[in-house]
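Hi,

Here's the structure I promised to pass on. Have a look at it first, and my notes on what turned up are underneath.

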Amino acid sequence: GDSKVDDSGDLVFGGGITSTSAVEEDVLLCPVGVGLSLQEGDSASIILIESGTPLPASVAQIVDVKGCSSGSLGIVQIGCLAVENGTKDTASTTAVKEKLVGTIGGIPKSVDEIEVCMELSIQGKISLCVNGGPIVSF
């Protein structure tokens, strides 16, 4: 479309919608968090996607794996978004429990950090890529 700058300095798109107007959309929020645990049985020490994050969510993060003695990281689903006494905006959210949903294995002991890219779809499907390698979905 056509765009021009009007007298107020706002960029106006054809149809009169300015770039400063807010558009409210209904988005699905992630009901759980997703994180990584360095040791089997430990709680998730690295939160990648927090509960309440709009979906689809994607994150890329450098993860320090010096504390990972087993050569693998646990991929952990963290609790649920529990709304108590009020709306999701005013209520306190409580994490319930953690569930191991996968592992990232084969991390050499000589490696101090890895890059983890994760995407969580609206359907709840996790896609994961480590150090730019192949994408694994589950």
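Start with the hairpin made by E11 and E12: five residues sit between the two strands, and Asn131 in the turn has a positive phi of about 50°. Before you read too much into any torsion, keep in mind that this is a predicted model. The two strands run antiparallel and are joined by two bridges, with E12 covering residues 136-137. If you want a pair to click on, Leu128 has Val136 as its bridge partner in E12.

E11 has another antiparallel partner in E10, and five bridges join that pair. One place to look there is Val116, which stands opposite Val130 in E11. E10 and E11 also make a hairpin with five residues between the strands, and here Gly124 is the residue with a positive phi, near 90°.

The loop of that hairpin deserves a closer look. Ser121 is in the loop between E10 and E11. Is Ser121 buried or exposed? Its relative accessibility is 14%, so Ser121 counts as buried, the limit being 20%. A polar atom of the Ser121 side chain lies 3.2 Å from the backbone nitrogen of Gln123. Setting aside neighbours within four places in sequence, Ser121 touches Leu55 and Pro56.

Now go across to Pro56, which belongs to the loop between E4 and E5. With a relative accessibility of 52%, Pro56 counts as exposed, because the cut-off for that is over 50%. Which residues does Pro56 contact, apart from neighbours within four places in sequence? They are Leu120, Ser121 and Ile122. Along the chain Pro56 and Gln123 are 67 residues apart, yet their C-alpha atoms are 8.6 Å from each other.

On to the overall make-up. The protein has 138 residues, and 28% of them are buried. It has twelve strands and zero helices, so you can leave the helix tools switched off for this one. Taking contacts between residues at least 6 apart in sequence, 55% join residues at least 24 apart.

There is an open sheet of four strands, in the order E4-E3-E6-E9, with antiparallel pairing. Its edge strands are E4 and E9 (98-104), each of which pairs on one side only. Ignoring direction, neighbouring strands in this sheet are turned by 30° against each other on average. Within it, three bridges join E3 to E4, and Val34 has Ile49 as its bridge partner in E4.

E3 also holds Gly35. Gly35 has a relative accessible area of 0%, so it is buried. Gly35 and Glu98 are 63 residues apart along the chain, and 9.4 Å separates their C-alpha atoms.

Next, the inside. The largest nonpolar core has 23 residues, and those with the most contacts inside it are Leu36, Ile49, Val63, Leu73, Ile104, Val116 and Met118. Which elements give two or more residues to this core? The list is E3 (33-37), E4 (46-49), E5 (57-64), E6 (73-78), E10 (113-120) and E11 (126-130). E10 gives the largest share, four residues. Val63 is a handy one to centre your view on: leaving out neighbours within four places in sequence, it is in contact with Leu36, Ile46, Leu73, Asp112, Glu113, Ile114 and Val116.

Last, the cysteines, in case you are setting up a topology. How many disulfides does the structure hold? The count is zero. Cys117 is in no disulfide, and its nearest cysteine sulfur, that of Cys129, is 5.1 Å away. The cut-off for a disulfide is 2.5 Å between the sulfur atoms, so this pair does not qualify. Cys117 has a relative accessible area of 25%, which means it is partly exposed. Cys68, at 9% relative accessibility, counts as buried.

That's the lot from my side.

Cheers

Technical notes: Residues numbered from 1 in each chain as written. Predicted model: local features only at pLDDT ≥ 70, side-chain atom pairs only at ≥ 80, totals over all residues. Heavy atoms only, no water. Buried < 20%, exposed > 50% of the residue type's maximum accessible area, 1.4 Å probe, protein only. Core = buried A, V, L, I, M, F, W, Y, C linked by side-chain atoms within 4.5 Å. Contact = heavy atoms within 4.5 Å. Polar contact = N/O pair within 3.5 Å; in protein donor to acceptor, adjacent residues only side chain to side chain. Pairing = 2+ DSSP bridges. Axes fitted to C-alpha atoms, helices over the stretch in contact; angles between N-to-C directions.
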